[in-house]
Structures are given as C-alpha cells and as structure tokens.
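Please look through the structure shown here with attention to how its secondary structure elements are arranged. The paragraphs after it go from the chain as a whole to the sheets and then to the helix contacts.

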Amino acid sequence: MADSVLYEVSDGLATITINRPEAMNAMNVEAKVALRDAVLAAGADTGVRAVLLTATGRAFCVGQDLKEHITLLASDRESGTSHTMHTVRDHYNPVVRAITEMPKPVVAGVNGVAAGAGMGLALAADYRVVADTATFTTSFAGVALTADSGVSWTLPRLVGPGRAADLLLFPRSITAQEAFDLGLVNRLVPAGDLAAEASAAARALAGGPTLAYAAIKESLAYAAGHTLAETLEKEDELQSRAGASEDHAIAVQAFIAKEKPAYVGR
C-alpha cells in the first residue's frame with residue numbers, strides 16, 4: 001500500500017487513512033489506486049468486521065488533485081486521448097461500490113474539509129462522525145464538472161432532491177452544523193475528540209453482530225429502489241438469514257442471562 005493511503009487491521013477493524021496532508025488529501029492517481037486497493041482489501045478480508053475511513057491533517061479530502069489533473073489533461077490533448085476522465089470509471093466508482101456494497105459497516109471519520117469526491121467518499125459510508133470544524137462542499141460545478149463518486153445518488157437520498165440540486169448547482173462550503181441539520185452527519189463531535197469518537201464508533205460496530213449489520217445495509221439499499229411489497233419480501237428473506245446466525249443465538253442467550261453478548265460475526 002502506498003504511503004498516500006495507510007491501511008491497518010486490528011481486532012476486526014480495518015482503518016483506512018488518506019495520508020496526503022500537505023495536499024489537503026487531494027486524490028492524485030497514486031492515492032486513488034491505493035484507496036481503491038485498500039477498500040477492496042477490507043471488503044474481501046473475512047477477518048474485517050467494520051471499516052473506519054479517515055484522514056490525516058486538517059482536511060478529510062478535497063477531491064481531485066487539480067494540479068496533477070491539469071497536467072494529465074494537457075497530455076490528453078497532445079495525444080488526442082481522454083484517459084484522464086477515465087478516473088471516474090477506474091478509481092472512484094470501484095471505491096464507492098466497494099464501500100456501499102461490502103457486507104460490513106463503514107464509518108467515515110471526517111476531520112476537516114470534505115469537497116467534491118471527498119464529500120462523495122464521506123457520503124458513501126454508512127455512518128459519519130464529523131468534527132465540528134469540518135466543512136462540506138460539492139464543488140463539482142465550480143470546476144465545470146458534474147457530480148461523481150456517487151454524489152448524485154447519495155446526496156438526494158440524504159437531503160432530498162431539491163436540496164441536492166441546490167448544493168450541486170450552487171456549490172458552497174457548508175459548516176458541520178449545517179450538514180448535521182441537513183442530515184449529512186450522524187454524529188457531530190468537538191474536533192479534538194474526532195479521532196477517539198470515530199474509532200469508538202467503528203470498534204463498537206466491529207464487535208457487533210456482523211451478519212445483522214450486513215443485512216441492514218442490504219435492506220436499506222434494496223428499499224431505495226423497490227416498492228413496499230418488494231421490500232417486505234426482502235426483509236423476510238434477510239430476517240430469516242439473520243435469525244439463523246450464531247450471533248442471534250448468542251444475543252438471545254445473553255438477553256435471558258442478562259449478560260453482554262460476545263458476538264462472533266457468524
């Protein structure tokens with residue numbers, strides 16, 4: 001794994017840290033490849049039961065590294081190609097799909113600015129713990145681009161289509177408090193507590209009923225594009241699966257014994 005993205009697994013928790021603080025964690029090609037590989041590794045590792053996505057420095061991620069982007073666009077013009085814009089297909093799409101589709105919860109610990117694709121990465125997570133000094137901006141239209149990194153899907157589902165259109169057509173920096181009020185943030189914490197709070201939330205999920213969390217993710221994603229009747233059938237299917245899990249038996253026995261359940265993730 002490249003130094004631009006750090007990857008560590010401990011006690012069932014994979015921590016992925018974007019590590020380009022000198023560039024406000026802007027995503028150059030190296031970082032995008034490393035992030036893609038880290039997220040795919042976490043999703044495939046059966047020993048990983050939850051994921052924490054966070055960053056170093058004063059930004060979470062400001063999106064595309066525009067300095068590198070300008071150089072790559074010039075190269076495309078000279079060669080008559082369009083490889084630069086393939087980054088959506090080759091990097092951002094696989095990352096967002098891996099985050100949203102992996103059968104384990106993903107927590108975003110947003111320590112600072114989340115802009116463009118950086119905002120998209122945060123919104124793709126299942127749960128967002130955000131420093132009170134952080135800011136969010138879609139930023140895409142500000143550089144004559146459209147939404148990517150899943151924002152056109154995640155944003156309207158969180159704030160509604162009208163608010164999403166406003167934030168995309170008129171990009172501006174919104175405070176963590178406004179983001180919380182809009183429903184973009186799950187837990188708002190003092191900046192000094194962000195690392196501890198985000199880690200605690202992710203570790204709590206890593207120690208929880210893994211299969212139940214996977215079913216919750218699947219049911220929410222399914223319900224977003226299906227009717228109530230279809231969703232009820234899906235809930236029945238997923239509940240039958242969860243009810244047959246070892247974790248469910250452990251939880252019921254612990255409830256009867258008035259003890260804290262020790263889940264095994266099966």
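The chain holds 11 helices and 10 strands, where helices (H or I, at least four residues) and strands (E, at least two) are DSSP runs numbered from the N terminus. This is a predicted model, in which local features need pLDDT of at least 70 and side-chain atom pairs count only at pLDDT 80 or more, while totals for chains, interfaces and linings use all residues. Residues are numbered from 1 along each chain as its sequence is written, and side-chain values use heavy atoms, with hydrogens and water left out.

Along its principal axes, the C-alpha trace of the chain spans about 70 × 40 × 35 Å. A compact globule of 266 residues would have a radius of gyration near 18 Å, and the 19 Å of the chain agrees with this; the radius is taken over C-alpha atoms, and the globule rule is 2.2 Å times the number of residues to the power 0.38.

One open sheet has 6 strands in the order 1-2-3-5-7-10, with mixed pairing, two strands being paired if DSSP finds at least two bridges between them. Its edges are strand 1 (5-10) and strand 10 (187-189), each of which pairs on one side only, and the twist from one strand to the next averages 15°. At the strand 10 edge, strand 7 (residues 127-131) pairs with strand 10 in the parallel sense over 3 bridges, and L188 in strand 10 is the bridge partner of V130.

An open sheet of 4 strands, also with mixed pairing, has the order 4-6-8-9. Here strand 4 (59-61) and strand 9 (174-175) are the edge strands, each pairing on one side only. Strand 6 (residues 113-115) and strand 8 (residues 135-137) run parallel and are joined by 2 bridges, with A114 standing opposite F136 in strand 8.

Helix 1 links the description of the sheets to that of the helices, since it lies across strand 1, strand 2 (13-18) and strand 3 (50-55), running at about 15° to strand 1. Axes are lines fitted to C-alpha atoms, for helices over the stretch in contact, and angles run from 0 to 180 degrees between N-to-C directions. The axes of helix 1 (residues 29-44) and helix 3 (residues 87-101) come within 9 Å and cross at roughly 30°, and the two helices are therefore roughly parallel to each other (angles under 35 degrees count as roughly parallel, over 145 as roughly antiparallel, 65 to 115 as roughly perpendicular and the rest as oblique). The contact (heavy atoms within 4.5 Å) involves K32, V33, L35, R36, V39 and L40 of helix 1, together with T87, D90, H91, Y92, P94, V95, A98 and I99 of helix 3. By class, this contact of helix 1 with helix 3 has 9 nonpolar, 2 polar and 3 charged residues, where Ala, Val, Leu, Ile, Met, Phe, Trp, Tyr, Cys and Pro count as nonpolar, Asp, Glu, Lys and Arg as charged, and the others, Gly among them, as polar.

Helix 4 (residues 117-124) and helix 5 (residues 151-159) pack with their axes 9 Å apart, at an angle of about 60°, and are therefore oblique to each other. M119, G120, L123 and A124 in helix 4 meet V151, T154, L155 and L158 in helix 5, a contact with 6 nonpolar, 2 polar and no charged residues.

Helix 9 (residues 210-223) and helix 10 (residues 228-243) have axes 10 Å apart and pack at an angle of about 170°, and they are therefore roughly antiparallel to each other. In this pair, A215, E218, S219, Y222 and A223 in helix 9 meet E230, T231, K234, L238 and R241 in helix 10, and the residues of the contact divide into 4 nonpolar, 2 polar and 4 charged.
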